[in-house]
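I opened the notebook to follow up a few points in this structure. The entries are short and kept in the order I worked.

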Amino acid sequence: MRVVFERPRTLIKKPFTYCPGCHHGLAQRLIAEVIDELDIGAVTIGVGPIGCSVYIYEFLNVDFVVGGHGRAQAVATGIKRALPDRVVFSYQGDGDIGAIGTAEAIHVANRGELITSFFINNAVFGMTGGQMAPTTLLGQKTKTSPLGRDAKVHGFPLRLAEMLKVAEGSAYIARVALTQPHLIKQARECIKKAFLAQIEKKGFSLVEILSPCPTNWGMTPEDAVKWLEEKMIPYFQLGEIKVKEGDFNGAS
Amino acid sequence: MEKILMKGNEALAEAAVRAGCRMYFGYPITPQTEISEYLSLRLPQVGGVFLQAETEVAAINMVYGASATGMRVMTSSSGPGISLKQEGLSALAIAELPCVVVNMVRGGPGVGNIQPAQSDYFQAVKGGGHGDYKVIVLAPSSVQELVDFTYRAFYLADKYCNPVIILGDGMLAQMMEPVIFAEPDFPPLPPKDWIIQGKGRGERKFIVCFALDPQKLEELNLKLQRKYRLMEEQETDFEVLGEDDAELLLVGFGTVGRILKTVVREGKKEGIKCALFRPITLFPFPYGQLKEEARRVGRVLVVEMNLGQMVEDVRLAVEGIVPVFFHGRTGGMIPKVEEILEKARQILRNEVYHESRF
């Protein structure tokens, strides 16, 4: 009998502890699948953030380092500069990479740091209970924008991926969602391309993954998926945002 | 061995390379920028990495990542920059990651100015970050000690898996003195079996800066405290100087410790009998040894380039058994030998009745 589906070797055998309907588990499984496919588990080092995303270190069977909130890309820089032949990735939420860690995000991209960042965008601060994030949509109600996000007061939802596109050092940037089978398939391809951009020393790579947060959005998992597709995707458009071909572009 | 005339910052940077430091992350700030400048050229020569970070915060977190891989790594800054690094220092302490952090102190608070000061005693010794953690703090008082203590700092960091701060000041950083670079000579250290390098064929490892279970965090904090007690037993260091019949014990660290040596010498000429107690490790602080000296001499004058920080630890050490007087200058003003002598004369003539602060 031929095995057509199994648990990725890189995924530790224990149940995900994320809320029902959250896509963290799905995103982490896809990363694990790609690590298996590229056979890089032995040489990969993950860097965790602070926030719901941090739990990735409990589920992926690779070495992990976790520092402070927003600092994952600085920590990853330190690791990569020490060990240039390892594969180093960070896995961060929108508060971590888009608010408190914005300086790090811009500068790893600009330096062409040879790391890969996965950015889970669920439009709220999840772990602290649903406050406004930099990616919260206009009109979206959160615990700290109870009347809805108002551009005059709170500014606009941050399109970090597009911002990082203009950095000369970024080589591959994509935004994906995991709400449909074909989208999951595309996401897996993007994750693979992002790792390859690092391995082939093309420069910094980032995959933004839109994820529902039914708990903090106050929706059923089903409604949350619908809301993501109807509200988030039109603003945070899916697809490959930057694919830089050609010679080595990353920092050594 | 050959003596070389070197500026404090550059001597320290060269000592770091000789101590095996191969990675440096920093952000320019006066009066320590020559450390970065020197290492930007020197580290690549020995296969090392110099990276100028986008912020002080990023720099200390790059240190965190590099340290997790087992590399000897350093960052340096001055007052306001060290304030920004406190988040990272707290994380390095709980994650038990070794590193060396240099603080060439300038006047504070706020941006203050770029002149020499000792106003960062509290933020170095008491832990400017949050939580029950400690970092070893070494206080050099000459360019030669900048070299020797840099060697020692890397050794102690690895020995205890803990950050070590070298607390200098703008004076030490900027002045030139002849120095000797001896070979670093320390007992062998245990292998770093905790480092993160990718799991290879073995079990995976991880390093984090938290313990979400309260019982586990308490256990971890108590384990850290046992480590700090061990530092107190094994690493406490100080210098004592002066006659047995001294009537006044001068206490000062770093640059002030050096000025006080002149005070002891000059005082002797006019019959003012002083001894000097210079703490070399500010954490661990030599409480017991200082208490003994204070009891023996009878009166204590603490001199600092701040408005009274270490004096609090001196009073803790002395436990009220003898009076403790204080003389401080701030804002980049350096206490002069004559003004300290005048204070000493007043104390010995019983003209200072209060344990004055200034």
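What follows are my notes on a sheet, an interface, some salt bridges and some backbone oddities.

**Entry 1: the model.** I noted at the start that this is a predicted model.

**Entry 2: the sheet.** I traced an open sheet of 8 strands. The order I wrote down is 9(A)-7(A)-8(A)-4(A)-3(A)-1(A)-2(A)-9(B), and the pairing is mixed. Which strands are at the edges? They are strand 9 (239–243) of chain A and strand 9 (206–207) of chain B, and each pairs on one side only. I recalled that strands of a sheet pair through backbone hydrogen bonds, either parallel or antiparallel.

Next I looked at two strands within chain A. Strand 7 (residues 170–177) and strand 8 (residues 204–210) of chain A run parallel and share 7 bridges. I picked out Arg175(A), whose bridge partner in strand 8 of chain A is Glu208(A).

Then I checked what helix 8 (residues 181–199) of chain A lies across. I listed strand 3 (87–93), strand 4 (116–121), strand 7, strand 8 and strand 9 of chain A. Helix 8 of chain A runs at about 165° to strand 7 of chain A.

**Entry 3: where the sheet crosses chains.** I went to the chain B end of the sheet. Strand 2 (residues 63–66) of chain A pairs with strand 9 of chain B in the parallel sense, over 2 bridges. Phe64(A) has Phe206(B) as its bridge partner there.

**Entry 4: the interface.** How many residues of chain B are in contact with chain A? I found 31, against 34 residues of chain A. The two chains bury about 2500 Å² between them, and 63% of that is on carbon and sulfur atoms. I asked which three residues supply most on the chain B side. Glu54(B), Lys199(B) and Arg204(B) supply 23% of the area that chain B buries against chain A, more than any other three residues.

I then counted polar pairs. Across the interface there are 15 residue pairs in polar contact, both residues being at pLDDT 80 or more. I looked up which elements of chain B supply at least two residues each to the side that touches chain A. They are strand 2 (23–26), strand 3 (49–52), helix 3 (56–68) and strand 9 of chain B. Helix 3 of chain B gives the most, with 8 residues. The residues on this side of chain B divide into 18 nonpolar, 7 polar and 6 charged.

**Entry 5: salt bridges.** I counted 46 salt bridges over all chains. Between chain B and chain A the count is 2. I noted one between the side chains of Glu87(B) and Arg71(A), at 2.8 Å from N to O. Within chain B, I noted Arg295(B) with Glu292(B), where the closest N and O atoms are 3.9 Å apart. Both residues lie in helix 10 (residues 287–297) of chain B, 3 residues apart, about one turn of the helix.

**Entry 6: backbone oddities.** I reminded myself that most residues other than glycine have a negative phi, and most peptide bonds are trans. I found a cis peptide bond between Thr30(B) and Pro31(B), with omega about 10°. Pro31(B) sits in the loop between strand 2 and helix 2 (33–45) of chain B. Another cis peptide bond joins Phe283(B) and Pro284(B), with omega about -5°. Pro284(B) is in the loop between strand 13 (281–283) and helix 10 of chain B.

Last, I checked Glu96(B). Its phi is near 55°, a positive value in a residue other than glycine. Glu96(B) lies in the loop between helix 4 (79–95) and strand 5 (99–105) of chain B.

Terms used:
Residues are numbered from 1 along each chain as its sequence is written. Chains are lettered from A and ligands numbered from 1 in the order in which they are written. This is a predicted model: local features need pLDDT of at least 70, side-chain atom pairs count only at pLDDT 80 or more; totals for chains, interfaces and linings use all residues. Side-chain values use heavy atoms; hydrogens and water are left out. Two strands pair if DSSP finds at least two bridges between them. Helices (H or I, at least four residues) and strands (E, at least two) are DSSP runs, numbered from the N terminus. Contact means heavy atoms within 4.5 Å. Axes are lines fitted to C-alpha atoms, for helices over the stretch in contact, and angles run from 0 to 180 degrees between N-to-C directions. Buried area is the accessible area (1.4 Å probe) that two parts lose on being put together, summed over both. A salt bridge is a side-chain nitrogen of Lys or Arg within 4 Å of a carboxyl oxygen of Asp or Glu. A polar contact is a pair of N or O atoms within 3.5 Å; within protein, one must be able to donate a hydrogen and the other to accept it, and residues adjacent in sequence count only if both atoms are side-chain atoms. Ala, Val, Leu, Ile, Met, Phe, Trp, Tyr, Cys and Pro count as nonpolar, Asp, Glu, Lys and Arg as charged, and the others, Gly among them, as polar.
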